[in-house]
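Notebook, structure session. I wanted to look up how one helix is covered and where charged side chains pair.

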Protein chains: 2
Amino acid sequence: MGTIQHLAATLGANNCLTAEEDLAPYAVDWRGAYRGTPLAVLRPGSVAEVQAVVRACASEGLAIVPAGGRTGLCGGAVVAENGPPAVVLSLERLNRIRDVDARDFSLVAEAGCVIQTVQQAAAAVDRLFPLSWGAQGSAMVGGALSTNAGGIRTLRWGNARDLVLGLEVVLPDGRVLNDLRRVRKDNSGYALRHLFLGGEGTLGVITAAALRLVPSLKRVETAFVAVPSPDAALSLFSRMMASGAEVIAFELIIRRCLEIVEVMGNGLRSPLPVESPWYVMVEIAAAHPAVPLREMLEDTLAAAMEAAEVTDAALADSEAQRATFWRIREDWPDCHRRHGPSVNADTSVPVSAVPEFCRRVGEAFAQGWPEGGFIALGHAGDGNIHVSLDAPPGMSREAWRARAAGAEAAVNAIAVELGGSFSAEHGIGQSKRHAMALHKDSVALDLMRAVKGAIDPGGVMNPGKMLP
Amino acid sequence: MGTIQHLAATLGANNCLTAEEDLAPYAVDWRGAYRGTPLAVLRPGSVAEVQAVVRACASEGLAIVPAGGRTGLCGGAVVAENGPPAVVLSLERLNRIRDVDARDFSLVAEAGCVIQTVQQAAAAVDRLFPLSWGAQGSAMVGGALSTNAGGIRTLRWGNARDLVLGLEVVLPDGRVLNDLRRVRKDNSGYALRHLFLGGEGTLGVITAAALRLVPSLKRVETAFVAVPSPDAALSLFSRMMASGAEVIAFELIIRRCLEIVEVMGNGLRSPLPVESPWYVMVEIAAAHPAVPLREMLEDTLAAAMEAAEVTDAALADSEAQRATFWRIREDWPDCHRRHGPSVNADTSVPVSAVPEFCRRVGEAFAQGWPEGGFIALGHAGDGNIHVSLDAPPGMSREAWRARAAGAEAAVNAIAVELGGSFSAEHGIGQSKRHAMALHKDSVALDLMRAVKGAIDPGGVMNPGKMLP
């Protein structure tokens, strides 16, 4: 272990962890689904130290697993089982916001900055960093960009990729790709940064990013709406979009979610008195205070009600009520996990195919696993529906996994048939490599392998992830 | 010439041009700056025929120069002089709009569709395809995507790249990368399409694209504004953006442009009675008719006037008046060309650096070429200022090119020093390869060459372009 000792001297013993108890938190993902113990956890404090780590590991053939907030759902930041000897390269100490420029609507953050910290730095200069999802209090910039994180507001401002102006990356050979510019137009050669964005750490280590900010929102209106079907939900979505309102969230929720939240959610209740097979949470916003947002929402909902797309709707009358609406959505993953075992998918389809997707998945579940509970909830405005199949009451996780093993594959196949993706926003990591092998176009896989071979010929960066 | 004869049999003689008079239009770019005669012009009518052309040429070692509307400014679609024997592969017959889905806000267009045709197809279903620039009546989808075209509205909706959901590409080995999906979220491996977008045809031939549409604009307000300086213009821009209005264009124009337009522009006159060293054209829009756009614009301009950022402003009172304002901007390139010779650049800097950029370029020109005329005009909201140095009256093009040869390099160096790009929206092609060699980070160039080698190992795709 000469390399690790050498790195301990470079980084300081505190930042080169090798004791079993120090490695433990880094040896498992937060869901407990993936385990893999690194030889060491290295925590460089500067870009030069990241370079030193990469160079030392590469020269010894040690694999490098970059890690940030480690909130990913696919095991991308955990050492792969049965893989080559590996270290975890944690970016947590690279956590400076290097620059905020309100005039420029941009901010430069290091990889270890927590997403919420970036949001707060933007808010402090009356700007909005729109990337937002449940784990934003722990997730870090490097991981968000490496997985091209999505979330609630993709509909309006795109995925993580769309919010990046420039990147700084340590390459597998230890050199730095310095493309940390804050320009909005640059057509000087291949768009290299898009390889590292969503590259899941398999091509290099993102150390910092220039991020795009947008004008802060001055007004927001939120409605919780009962709809008879996904078809009606989609008609409502089209109506909202065509109205010209700035739709910043459009979440589809199946009845069963509300029932589970009402049981598990510590007093959370449906905002609507009626029972409905499906619900929608819609949020519109304006950056200018003179936009008559409430009337716009009311007018559109009234027209949708007349067209029988909507059966009932509650509009948040206060920030507190709005927060309650959102708690239903945001507490869902935790309520769901505590409620019982389930098999889950992360699929997307073209927005117009959402109703057919929901129908076909429901049918496949009813036929193959009639004892299971069908969950469909997600970012309908992006076509990104998270489907789950819940175990019947009392069944163990292991038993249900065995029984319902084919459910995820069935959902993935339906999504792909409808022109969609088997991995919408969580990435591939370890958990979807089999799906990658099954569903990804073979020409695309060949190209990906060629790119990987060209940029990381030694295969040191995050082996056993993404590429099947 | 067995290959060409074979292709003539495959495509039909009409679509395999070899006569000198048939080749002539394809042997020069529209500005007359680049010349190169192909062995043949091949015009496939289907993706399968594109594959046949690529396979036949690759197997014979003939270089392939993809071409569309051939409105590019950098010579990318013309055979390189002193390069290997080459054919032009024209996508002009692949001009179907395969699908329009209003509900999905998407459209699938083949590479040979003219941009304006795409705009019209979107408008026919009450949607907007926002990509827009002067050549949109001739430019085609394939070229727009291969050069990642920018234009007037990048500020609001991004470059061409940002409007693409999926691509179909014929690779250098003749296989098809079928990634023509219309999903908005897809994290299944490397974002390959971003290599071909802006790849200038050096990695493959884009044959079709799934494009993103947005809600159509219901109201637009346009102002022509006199400002004392670029600094004041930038303050106005910050003010407009921070107001929360949806700014869709923000063009900075130096006084000299107006003077030239008034001489060359067939009756065009400044909309303002005052003379001002600088002007701004600003346009705000709303997709919802209830947004009080006029008041928003008037209020912000009034505040800017009080802050001495604006000295006078004319608001368009009719669509006709709005069109007149825009003619000043849109007729500018033609007026400028007819006015006399000039040396031109296509630079971008961070938005906040626009004033310093203008000041430093003005100083460099005044010092090095005091007899020249300083032009600065462009998309200030993107930091993309087009700088020119005009010849003094009566000087020939050749004499001025010789005298002012260093001017473009001086502008590029200033842009790069300020954290900007020497190629903002036109691409590299042939004209900026020297700048690429001079200014591009050597690590980035190495990576680009590695990617090129991995995807086009035979070097058949558009040699002599982009990479130095």
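I count a contact when heavy atoms lie within 4.5 Å. Helices (H or I, at least four residues) and strands (E, at least two) are DSSP runs, numbered from the N terminus. The model is predicted, so I kept local features to pLDDT of at least 70 and side-chain atom pairs to pLDDT 80 or more, while totals for chains, interfaces and linings use all residues. Residues are numbered from 1 along each chain as its sequence is written, chains are lettered from A and ligands numbered from 1 in written order, and side-chain values use heavy atoms, without hydrogens and water.

Entry 1, helix α4 of chain A.
I call a residue buried under 20% relative accessible area, exposed over 50%, and partly exposed in between (1.4 Å probe, protein chains only). Which residues of α4, residues 115-123 of chain A, are buried? I noted Ile115(A), Val118(A), Gln119(A), Ala121(A) and Ala122(A). They sit on the same side of α4(A), because the arc they cover around the axis is only 165 degrees; the arc is taken from the directions from the helix axis to the C-beta atoms. I then looked up what covers these buried residues, and the list includes the strands β5 (97-101), β6 (106-110), β7 (127-128) and β10 (205-212) and the helix α5 (141-146), in chain A.

Entry 2, salt bridges.
My rule is a side-chain nitrogen of Lys or Arg within 4 Å of a carboxyl oxygen of Asp or Glu. Side chains of opposite charge can pair when their charged atoms come close. Over all chains I get 72 salt bridges by this rule.

Entry 3, Arg181(A) and Asp186(A).
This pair forms a salt bridge, 2.6 Å from N to O. I find Arg181(A) buried at 19% relative accessible area, whereas Asp186(A) is partly exposed at 24%.

Entry 4, helix α13 in chains A and B.
In chain A, Arg360(A) and Glu356(A) form a salt bridge with the closest N and O atoms 3.8 Å apart. They are four residues apart in α13 (residues 354-368), so about one helical turn separates them. Arg360(A) is partly exposed at 22%, and Glu356(A) is partly exposed at 34%.
In chain B, I found Arg359(B) bridged to Glu356(B) at 3.9 Å, N to O. These two are three residues apart in α13 of chain B, again about one helical turn. Arg359(B) is partly exposed at 46%, and Glu356(B) is partly exposed at 34%.

Entry 5, a network.
Which residues are linked in a network of salt bridges? I listed Arg219(A), Glu221(A), Arg294(A), Glu298(A) and Asp317(A).
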